[in-house]
Amino acid sequence: MAESPAEVVAAVEAGELDESVLDDRVRAVLELVARGMHVLELDESYDEAAHHALARRAAGESAVLLKNDGGLLPLSRDAKIGVVGEFARTPRFQGAGSSQVNPTKVEVALDEIRAVFGDVPFAAGYGIDSDDGDDALREEAVRLAGEVDTVVMLLGLPGKDESEGFDRTHLELPAGQIAALQAVAAANPNVVVVLVNGSTVRLGDVTPHAAALLEAWLGGQAAGGAIADVLAGVVNPSGRLAETMPVRVQDNSSYLNFPGDSQQVVYGEGLYIGYRGYDKGDLDVAFPFGFGLSYTTFETGDLAVDVTGEAEQGTLRAQVSVTVTNTGDVAGAEVVQVYVRDVESSAHRPVRELKGFAKVTLEPGESQRVSIDLDQRAFSFWSVLLDRWVVEAGAFDIEVGRHSRDLLLSQRVEVSAPPVAAPLTELSTLHEWMADEKGRALIAKAVAEGANDPTRDPEMVAVIGTMPMKTLASFSGFSLDRAALAKAVAERTAAG
């Protein structure tokens with residue numbers, strides 16, 4: 001197969017590719033371009049300032065407040081603060097490789113912080129491309145920390161640590177940044193750490209030295225201003241973690257299988273990715289899925305779940321309603337999260353799954369009724385055997401809370417649905433045939449005349465019950481032979 005223009009030319013010259021075939025393909029491309037040429041005539045003008053303002057708002061609402069001991073944040077406008085961290089001066093606001101875009105404007109965090117808090121002092125503390133750190137930069141940061149009341153310190157991952165084309169092999173921040181943080185925190189305990197990274201990092205060496213911790217991610221061209229907005233309280237953080245932050249990389253459900261070997265990667269974690277894996281393994285995490293703090297407080301109560309429709313008709317629905325109250329002193333937004341737990345399932349299922357959420361902004365003392373609608377898929381699992389989404393009758397717990405491990409409200413509902421059973425075949429086990437009413441009757445009929453019927457002995461069924469019927473039909477001591485089994489399969493399939 002030709003993979004480059006030179007190879008295409010060589011293939012034509014060698015007679016391996018008919019020139020008429022090439023002409024057809026080129027003509028198809030040109031016709032497609034011709035049909036789409038009108039897009040070039042569209043008015044592509046836009047309000048650059050308005051778009052930048054939207055980018056700043058999005059970055060502010062995406063930031064996640066992970067820690068805020070003693071209400072250190074938001075900072076007072078007249079607070080005596082200092083800024084540490086090369087990322088504050090040299091912003092990393094987007095990914096590396098082909099994910100990069102051409103920004104119309106880039107806000108630098110240090111400049112935006114100074115625009116709010118005045119001409120605050122700055123020390124680099126570390127070099128972005130230096131994993132081990134720099135003693136002179138670290139000493140400068142320590143001196144600054146001793147001269148101010150609060151230190152705002154930006155830490156994060158350099159572009160060389162996360163990009164397309166390669167996978168991360170660890171979750172660590174650069175050692176030089178950790179050393180700088182430890183030294184700064186020893187000189188001043190009031191350290192606000194702001195993280196700039198595209199994917200999660202291990203925080204075991206960060207959290208103990210940070211009085212406040214803000215995950216700002218790679219927030220785009222207006223990230224610098226958004227960070228300043230959150231620090232000053234112009235934006236009350238309402239972001240929630242879309243991934244679990246683990247205690248260590250070894251706790252990740254893909255750890256034993258990734259990156260694979262012998263040119264093969266096995267996705268052995270199956271369903272149990274992210275919080276589903278951590279919950280199934282009952283593992284401690286640094287910060288759970290859905291976590292995020294606010295500058296105010298909320299109470300959520302009065303849970304009501306209204307189930308309607310029929311699973312058999314595909315109309316099963318549930319409306320989940322709660323009352324949310326802002327119990328703090330400032331306006332803020334709460335994110336109500338609804339998880340569904342299948343109490344008992346015949347299939348492997350996560351402990352719980354997020355099935356809906358809603359964000360509500362409230363003034364101090366204000367309450368609002370919030371409703372979240374769940375459709376039939378919220379109760380379903382994918383059946384490999386049946387090749388479709390399936391709802392299994394039984395009890396489901398509807399759990400509501402602030403994150404995946406803070407679900408104080410729960411209501412159990414009963415869902416009716418047709419029986420779920422895989423087609424019975426020669427490869428189905430004795431247990432599966434015996435669990436099916438029609439299948440059990442057919443097996444009983446087929447072996448009724450036999451002198452040796454082990455299905456009447458519970459202890460024997462326990463021993464051979466996991467064997468395929470095809471295997472059992474080959475046993476000389478089992479009065480169900482291959483012909484009788486084939487007849488039973490045909491009759492069960494016809495019965496539907």
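1. Start with helices α3 and α8, keeping in mind that this is a predicted model. The axis of α3 (residues 48–62) comes within 8 Å of the axis of α8, and the two cross at roughly 50°. That angle falls outside the ranges for roughly parallel (under 35 degrees), roughly perpendicular (65 to 115) and roughly antiparallel (over 145), so α3 and α8 are oblique to each other. Their crossing is right-handed. If you want to find the contact on screen, look for Arg56, Ala59 and Gly60 on the α3 side, which meet Ala223, Gly225, Ala226, Asp229 and Val230 on the α8 side. Sorted by class, the residues of this contact come out as four nonpolar, two polar and two charged.

2. Stay with α8 for a moment, and bring in α5 (residues 109–117). The axes of α5 and α8 come within 7 Å and cross at roughly 40°. Here too the crossing is right-handed. From α5 the contact takes Ala109, Glu112, Ile113, Val116 and Phe117, and from α8 it takes Gly224, Gly225, Ala228, Leu231 and Ala232. Seven of the residues in the contact of α5 with α8 are nonpolar, two are polar and one is charged. Try spotting Gly225 of α8: this residue is part of the contact with α5, and it also meets α3.

3. Now for the empty spaces inside. How many cavities of 30 Å³ or more does the structure hold? There are three. The largest cavity has about 80 Å³ of space. Which helix gives the most to its lining? That is α8 (residues 223–232), with three residues. The lining includes Ala223, Gly224 and Ile227, and Ala109, which α5 also uses in its contact with α8, is in the lining as well. Among the other lining residues are Phe87, Pro91, Arg92, Phe93 and Glu107. By class, the lining of the largest cavity has eight nonpolar, two polar and two charged residues.

4. Next, a helix pair with another geometry. Helix α11 (residues 437–447) and α14 have axes that come within 10 Å and cross at roughly 150°. Since angles over 145 degrees count as roughly antiparallel, α11 and α14 are therefore roughly antiparallel to each other. The crossing of α11 past α14 is right-handed. On α11, the contact is made by Lys438, Gly439, Leu442, Lys445 and Ala446; on α14, by Ala484, Ala488, Glu491, Arg492 and Ala495. The classes here are five nonpolar, one polar and four charged residues.

5. Helix α14 turns up again at the largest pocket, which has about 1200 Å³ of space. The pocket is lined by 37 residues, and the closest to its centre are Ser383, Leu386, Val420, Ala421 and Ala422. Four elements give two or more residues each to this lining: the strands β12 (353–362) and β14 (380–383), and the helices α10 (430–435) and α14 (482–495). Which element has the largest share of the lining? It's β14, with four residues. The lining as a whole is made of 18 nonpolar, nine polar and 10 charged residues.

6. The second largest pocket has a volume of about 770 Å³. Its lining counts 28 residues, and those closest to the centre are Arg168, Val249, Asn252, Ser254 and Phe258. As for class, 15 of the lining residues are nonpolar, nine are polar and four are charged.

7. Phe258 leads on to a backbone detail. Which residue does a cis peptide bond join to Phe258? The partner is Pro259, and omega is about 5°. Pro259 sits in the loop between β7 (245–246) and α9 (275–280). Gln263 also has its place in the loop between β7 and α9. This residue has a positive phi of about 65°, although it is not a glycine.

8. One more cis peptide bond to look up: it joins Leu73 and Pro74, with omega at about 0°. You'll find Pro74 in the loop between β1 (64–68) and β2 (81–84).

How values were computed
Residues numbered from 1 in each chain as written. Predicted model: local features only at pLDDT ≥ 70, side-chain atom pairs only at ≥ 80, totals over all residues. Heavy atoms only, no water. 1 Å grid on protein atoms, 1.4 Å probe; cavity = no way out; pocket = protein on both sides within 12 Å on 5 of 7 lines; lining within 4 Å. Points joined across faces, edges and corners; volume = space filled by probe spheres on them. Nonpolar A, V, L, I, M, F, W, Y, C, P; charged D, E, K, R; others polar. Axes fitted to C-alpha atoms, helices over the stretch in contact; angles between N-to-C directions. Left-handed = near helix turned anticlockwise from the far one by under 90°. Contact = heavy atoms within 4.5 Å.
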